[in-house]
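Student: Hi, do you have a few minutes to go through this one with me? I'd like to talk about the helices, the charged pairs and the surface.

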Amino acid sequence: MSVDLNGIGQGQVNIQRPTADKPATSQNTGQTTPEQANAKAQSARGENVNLSSQAKNLKQLEQKLGDYPEMDDERIEEIRSALANGTYKVDAEKLAQKMLDMDKSIFG
């Protein structure tokens, strides 16, 4: 199945690179460039990654947060029973302030 992108058909696409665009290879000379030698040396050693102290701290924080449950089941059950009993009270001022804070954080 072929896809026609803006009138370009399969026969109209040049998939081979011209020889002028190809990078020079060292097969003819038998020598390697310094960049090639460096790449080979790094691949032989493996790659090294150094993390900043901030990244290490973030990783530790992520691990600590992973230990906490996503939801506080006790608090959920407490609110659920208060709703069922009709004893759940909403603090209108606190709710309004939270709404204003959220609006300010979103819209500035």
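Tutor: Happy to. One term before we begin: a helix here is a DSSP run of H or I with at least four residues, and helices are numbered from the N terminus. Please also keep in mind that this is a predicted model.

Student: Good to know. How many helices and strands does the protein chain have?

Tutor: The protein chain has 4 helices and 0 strands. Along the sequence that reads as α-α-α-α.

Student: And what is the mean pLDDT of the protein chain?

Tutor: The mean is 77, with 63% of the residues at 70 or more. Among the elements, helix α1 (residues 34–45) has the lowest mean pLDDT, 68, while α4 has the highest, 95.

Student: OK, charged pairs next. What does the count of salt bridges come to?

Tutor: The count is 3. Two of the pairs to look at are E78 with R75, at 2.8 Å from N to O, and R80 with E77, at 3.8 Å.

Student: Where do E78 and R75 lie?

Tutor: E78 and R75 are in helix α3 (residues 73–85), and because they are 3 residues apart, about one helical turn separates them. R80 and E77 are also 3 residues apart in α3, so about one helical turn lies between them too.

Student: Are these side chains buried or exposed? Let's start with E78.

Tutor: E78 counts as partly exposed because its relative accessibility is 49%; the exposed class starts over 50%. Its partner R75, at 40%, is partly exposed as well.

Student: And which class does R80 fall in?

Tutor: R80 has 52% relative accessibility, so it counts as exposed. E77, on the other side of that salt bridge, has 43% and is therefore partly exposed.

Student: While we're on α3, how many residues does it have?

Tutor: Helix α3 has 13 residues, and its first and last C-alpha atoms are 18 Å apart, close to the 18 Å expected at 1.5 Å a residue. Just after α3 comes G86, with a positive phi of about 85 degrees.

Student: Now over to E62. Which side chain does it meet in a salt bridge?

Tutor: That would be K59, with an N to O distance of 3.9 Å. E62 and K59 both sit in helix α2 (residues 53–67), 3 residues apart, or about one turn of the helix. E62 is exposed because its relative accessible area is 51%, and K59 is partly exposed at 45%.

Student: How far apart are the end C-alpha atoms of α2?

Tutor: They are 22 Å apart, which agrees with the 21 Å that its 15 residues should span at 1.5 Å a residue. As for cover, α2 has hardly any: 0 of its 15 residues are buried.

Student: Changing topic: which residues make a nonpolar surface patch?

Tutor: L83, Y88, V90, L95 and M99 make one of about 520 Å². Of these, M99 is placed in helix α4 (residues 92–107). M99 has a relative accessible area of 52%, so it is exposed.

Student: What about the rest of α4? How many of its 16 residues are buried?

Tutor: The number is 0, so α4 lies largely in the open. From its first C-alpha to its last, α4 reaches 22 Å, close to the 22 Å expected for its 16 residues at 1.5 Å each. Just after α4, G108 takes a positive phi of about 80 degrees.

Student: And for the protein chain as a whole, what percentage of the 108 residues is buried?

Tutor: Buried residues make up 1% of the 108. The accessible surface of the chain is about 11100 Å², and carbon and sulfur atoms account for 52% of that.

Student: Last one, back to the patch: about what area does it have again?

Tutor: About 520 Å², made by L83, Y88, V90, L95 and M99.

Methods: Residues numbered from 1 in each chain as written. Heavy atoms only, no water. Patch = residues over 30% accessible without salt bridge, like charges linked within 9 Å, V, L, I, M, F, W, Y side chains within 5 Å. Areas by Shrake-Rupley, 256 points an atom, 1.4 Å probe, with all protein chains shown as cover. Salt bridge = Lys/Arg side-chain N within 4 Å of Asp/Glu carboxyl O. Helix = DSSP H or I, 4+ residues; strand = E, 2+ residues; numbered from the N terminus. Buried < 20%, exposed > 50% of the residue type's maximum accessible area, 1.4 Å probe, protein only. Expected span 1.5 Å × (residues − 1). pLDDT = per-residue confidence, 0-100.
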